[in-house]
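Thanks for making the time this morning. I would like to take you through one structure, and I will try to keep to what can be said about it with care.

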Amino acid sequence: MAVHGRFLKAAAAASIVAVVSAGCTSGGGDESDEQADAGASGVGPITFAMGSNDTDKLRPVIDQWNAENPDQEVTLRELPAEQDGQRDTLTQSLQTESGEYDVFALDVTDTAYFAANGWLQPIEGDTEVDTSGLIEAAVDSATYNGTLYGIPQNTNAQLLYYRTDLQPEAPANWEALVGSCEAAEGADVDCLQTQLSLYEGLTVAATQFIHSWGGQVVGEDGQTPELDTDQARAGLTALVDAYQNGVIPPQTDAFTEEETAQAFLAGETMYSYNWPYMYESGQSDPTSQVQGRFEVAPIVGQDGAGRSTLGGYNNAINVFSENKATAQAFLEFVISEDVQMGFAEQSFPPVLSSIYDDEALQQEFPYMPALKAALENAEPRPVTPYYPAVSKAIQDNTFAALRGEKNVEQALTDMSAAIDQAAQ
């Protein structure tokens, strides 16, 4: 498969990564296809590349692998901590058809981009890995155009945090949440806080509402907008109305995850949407004003539990790797029960579904049952090779709708037009 300049152009246009046009490679398409056809031929040392911010979770895994497989040693290569830098480094290497990184951990939003450029070995045939025990939505995030191109390593989903001193039970659906806001008013706190600042967190928020009302952002091809539906309109309308009516307070249009956590721990809101890390802070931080006074549940939607948006990494095999057999075996090792349990014990949510049912783990991390329920109903962010541009379209138009600069209908129309433009 040839490197597709239009995908590279889309990423550059979104100010995510500067890339070189397809014309800078010579014969890349044929060689890439030959590399993919080679399947799992090759056993020997490999390199594993990952962003430096999370490599502490993988070092013990690599050490264990190397102790058990001294002839197939894995060398860790740290990439920049920020996702943009990771994408940039890998793109520059892969454009030269280099095998310097045999396996790399991709943010779930990047998998389709690398797959569409022909840089990832399909996980099939000789490189097939059994994913039947993994969280289905995590596997979906590694699937592009019907082909699996990576194996989920770890995952994540937002949860609904609720103050049990104000709301003893989690609301059953969105209507129930909105209806319970009177209790927040009586306690002089906000009803629901989430991340509505103009950044990736707003994409998470908007897609959660659209998905939770049954809508989609793009089709299975990763490029056709699917926003002209009653479900997408209803989902975005629910978010915009909540913000404009005060269910979600106005200051949240400057909130990231950190401001959301600070406000919840300070006791300023009855409900909060945030990632699982906030649970441990809320229960153990000595400054927490809500210690012992909150629980978690899946986020809510129109008819019940909502569809949280996934985070996490997918591990992919470089199509130019000479040791694909070792790479495939390492991918299997990372999703083994021992490794995945180790991730869970480090608050690095695993992708092996059975881990969440471990009773000892549930006692140590009481949010595990709620997180499993959220993950089983979750959806990936739009699986598209144009993700940076698609995310920007979602952010810009959702933010404009929240601020009353355009109505929901216009926001969705403009969102669709921007997605179409990205795919040109």
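I will begin with confidence, then turn to a sheet, and finish with two helix pairs.

What you have in front of you is a predicted model, so let me start with how far the predictor trusts it. The chain averages a pLDDT of 92, and 90% of the residues score at least 70. Residues 1–39 are another matter, since pLDDT stays under 50 over that stretch, although the model does have 75 contacts beyond four places in sequence for it.

Now to the sheet, which is open and has four strands in the order β8-β9-β7-β10, with mixed pairing. The edges are held by β8, residues 190–193, and β10, residues 294–298, and because each of these has a single partner strand, one side of each is left without a neighbour in the sheet. If we ignore direction, neighbouring strands of this sheet are turned by 15° against each other on average. Looking at one pairing in detail, β7, which covers residues 159–163, runs antiparallel to β9, residues 269–274, and four bridges join the two. To find your way there on the screen, take Tyr 162, whose bridge partner in β9 is Tyr 271. Helix α12, residues 277–284, packs on the sheet, where it touches β7, β9 and β10, and its direction makes about 170° with that of β10.

Let me move on to the helices. Two packed helices are described by the angle between their axes and the distance between the axes, and I will give both for each pair.

In the first pair I want to show, the axes of α10, residues 230–244, and α18, residues 408–422, come within 10 Å and cross at roughly 120°. That angle lies outside the 65 to 115 degrees that count as roughly perpendicular and is not over 145, so α10 and α18 are oblique to each other. The crossing of α10 past α18 is right-handed. On the α10 side the contact includes Leu 236 and Val 240, and among the α18 residues they meet are Leu 412 and Met 415. Taken together, the residues of this contact divide into seven nonpolar, one polar and two charged.

How do α9 and α17 lie relative to each other? The axes of α9, residues 200–212, and α17, residues 387–402, come within 8 Å and cross at roughly 75°, and these helices are therefore roughly perpendicular. Here the contact residues divide into six nonpolar, five polar and one charged, with Thr 203 and Thr 207 of α9 among them, as well as Ser 391 and Gln 395 of α17.

Technical notes: Residues are numbered from 1 along each chain as its sequence is written. This is a predicted model: local features need pLDDT of at least 70, side-chain atom pairs count only at pLDDT 80 or more; totals for chains, interfaces and linings use all residues. Side-chain values use heavy atoms; hydrogens and water are left out. Two strands pair if DSSP finds at least two bridges between them. Axes are lines fitted to C-alpha atoms, for helices over the stretch in contact, and angles run from 0 to 180 degrees between N-to-C directions. Contact means heavy atoms within 4.5 Å. Angles under 35 degrees count as roughly parallel, over 145 as roughly antiparallel, 65 to 115 as roughly perpendicular and the rest as oblique. A crossing is left-handed if the near helix is turned anticlockwise from the far one by less than a right angle, and right-handed if clockwise. Ala, Val, Leu, Ile, Met, Phe, Trp, Tyr, Cys and Pro count as nonpolar, Asp, Glu, Lys and Arg as charged, and the others, Gly among them, as polar. pLDDT is the predictor's confidence in each residue, from 0 to 100.
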